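Reader: I am new to this structure. Please take one part and go through it closely, then show me how the rest of the chain looks around that part.

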Amino acid sequence: MKVFLLTDGEFTGLIRSLRSLNEKVRIIGFCSSLTCAHSAMLDAVYTAPEIDDKKYYDFLIGVIKKEKVNYVFPVATSGLEFMADSAEKIREQTGAVVITSESKAIKISNNKGLLYAFLKNVDGLEKTIEDFRIVSTYGALREGYGYFNRKGIPCIMKPLRGENAEGFLRFTDKKDFALSALKGGHSHKIALECFEEFPNDEALPSERLVMPFLPGREWDVDVLADNGKIVCATVRINNDMFGGLSASSVTAENPVILGLCEKIVSSIGLSYLSCISFREDENGVPKLLEINPRAMGSIHLSTLAGNSLVEKLLNILDGKSVSPAITRPGFSTALYYDIIETSSGWNILKQEDREIYGRYYSLTKTKMTDLSFGCRFAWDEVYNVRWKIIENCFVQASFNEDNPFMLMPLGEFDIYKLERIILAVKKEFDDKGLPLKILCIEEEYLPVFEKISISHSRPECNDDFSDYLYDGDSLRELKGKKYSRKRNHFSQFMRAYPDYEYISLNDDIFDECIENSLEWSRLKNADTADSGESDHMMIKRVIENYNYLGYKGGAIRINGKVAAFAIGSQGNGKTCFIHFEKAETEFIGIYAAINKLVLENEFPDAEFVNREEDLGHENLRKAKQSYYPVSMVRKYSIKII
């Protein structure tokens, strides 16, 4: 087992990437407070002295020895140079490896003034460096602003070392600054008049950089390097930054940006993990912003996209060969500064839980409709499912005596975390005298469940409950010989009802859809109070909460009456779910029409469509198979013995 120490625990992306390794790990961290949210993700937490405290080094060595640390990740910007200077001494005293570039490279990278001055003299990089002024007093700040203002160049100021929550503050006039502030939220602007009370010779709280404002796109490149040579990298566009520790970005291809990074890494001599940031000027030319020569919180994006820089770093340290790789483009995600939810009891799933559910769901690789929020919200009143956070996973269970079960957890988990979750839930089932069965295990997660040391049955799968997965374009376009009957049905519909109206579901037709669902149950002689016979109550619950829960759907109105409707939701990636579909069969081709039109209008970009299971009903099975599924999403279960 490898033991890792993070000299500050805030970067939960790094913690998550370490947890994703295919081996058991122990992660400990220094936190500014034991109540920090990220402390819940660590195996052990220490409150360390400040980095400039003489007691810091001895405290660090003591923790490394006590915890038998193998690797130290310096995370706090303020301590990077100290850790680089101390790396060899730490290794001699403890055997622990500090994951850092050499001291010289860190000193250059960690100070934008030194960095810009150094790279201005490197062939091929000089054009990436904008003009700049380093200021340490309020008078120098005014002079720096005046230098660019006289040239008619909008300018900003930002910290000389590291980064801050806003990244930069753009200079503007007092009126514009006031209007910006009144709009609320984080402002990226500052008025020079804000400093007019400070004398010229008074020192700034810290040295600042004044440089031109760059209006273009921002690029980040997470880099794994070995002695000045890039081994792996993730190139991404930053769509948005909020709160400093949270970002929305998408991986991309950019040979120009990557080429600049190769020169930067080589000229400075960087090793291991770094993040290199650029921003485009008004002409789209990339300009260097900064280098963070450490593992950033964004490092987990590479892991999620299938190119774990952390795993490959450890392979390099273990002397294993690593094939160069650039992370695939088009992978979009948002990485948040984590607030770890804790819950002492089990909660009823409510509409306001959609956000927390979504955070854990987005970390789960599944095309299964049962684990989507739309499905859970619709049916959990029937199954009396409750949820709580255990081991930083979203855990759902039902303690019904007739059918007790737990669902596969949402979130990131390995064998060891899964075992802890199961043991915690099993204790509560045992206390109630109930057997524990785990349902809705996605096929991809089977190896993890099969390897747990807790006694359990062999995985089982009943295809009556397997979801039908279809190609989205095929259902929207109905092209090809095999869809000729469906095309004919749709053509018959169009000829029979040329004046039909398609409507995206909204408040104006909700009551009509509920009445349509009720009428469908009446025609089937189905008891609307019995979920085994009718899904009317679930449809009613969904429609009553439709506007709050992100559902999508549409209806067909013929002669002023709702003749069909369908309700779905968006899943992970490009998979959508169709949860409910009702139509009055007296209308020719109505099912073919509602199927096609809802996908065209509400889910035009869905690559896959999950239309749920057939529950063993022969007619429903034939209907679902007639659309030629590309695969079945199989749901496995195990019994904990």
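Author: Here is a close look at one helix pair, followed by a strand residue, the cysteines and the whole chain.

The model is predicted. Start with helix α17, residues 510–523, and helix α18, residues 536–544. Their axes come within 10 Å. They cross at roughly 175 degrees. An angle over 145 degrees counts as roughly antiparallel, and α17 and α18 are therefore roughly antiparallel to each other. Two packed helices are described by the angle between their axes and the distance between the axes.

Which residues of α17 meet α18? From α17 come Phe 510, Cys 513, Ile 514, Ser 517, Leu 518 and Ser 521. Facing them in α18 are His 536, Ile 539, Lys 540 and Ile 543. Sorted by class, this contact has six nonpolar residues, three polar ones and one charged one.

Now move on to strand β26, which covers residues 552–558. Gly 553 sits in this strand. Is Gly 553 buried or exposed? Its relative accessibility is 0%, so Gly 553 counts as buried. What does Gly 553 touch, leaving out residues up to four places away in sequence? One group is Tyr 502, Ile 503, Ser 504 and Leu 505. Tyr 546, Ala 566 and Ile 567 also touch Gly 553. So does Glu 602. Along the chain, Glu 602 lies 49 residues from Gly 553. Yet their C-alpha atoms are separated by 6.4 Å.

Next, the cysteines. The structure holds zero disulfides. Take Cys 232: the nearest cysteine sulfur belongs to Cys 261, 14 Å away. A disulfide needs two cysteine sulfur atoms within 2.5 Å, and Cys 232 is in none. Cys 232 is buried, at 0% relative accessible area. Cys 375 is in no disulfide either. For Cys 375, the nearest cysteine sulfur is that of Cys 440, at 8.2 Å. Cys 375 is also buried, with a relative accessible area of 7%.

Finally, step back to the whole chain. The protein chain has 21 helices and 31 strands. Its C-alpha atoms fill a box of roughly 85 × 60 × 50 Å along the principal axes. Of its 641 residues, 54% are buried. Contacts with a separation of 6 or more can be split by distance along the chain. Residues 24 or more positions apart account for 67% of them. The accessible surface comes to about 29,400 Å². Carbon and sulfur atoms hold 48% of that surface.

How values were computed:
Residues numbered from 1 in each chain as written. Predicted model: local features only at pLDDT ≥ 70, side-chain atom pairs only at ≥ 80, totals over all residues. Heavy atoms only, no water. Axes fitted to C-alpha atoms, helices over the stretch in contact; angles between N-to-C directions. Helix = DSSP H or I, 4+ residues; strand = E, 2+ residues; numbered from the N terminus. Parallel < 35°, antiparallel > 145°, perpendicular 65-115°, else oblique. Contact = heavy atoms within 4.5 Å. Nonpolar A, V, L, I, M, F, W, Y, C, P; charged D, E, K, R; others polar. Buried < 20%, exposed > 50% of the residue type's maximum accessible area, 1.4 Å probe, protein only. Areas by Shrake-Rupley, 256 points an atom, 1.4 Å probe, with all protein chains shown as cover.
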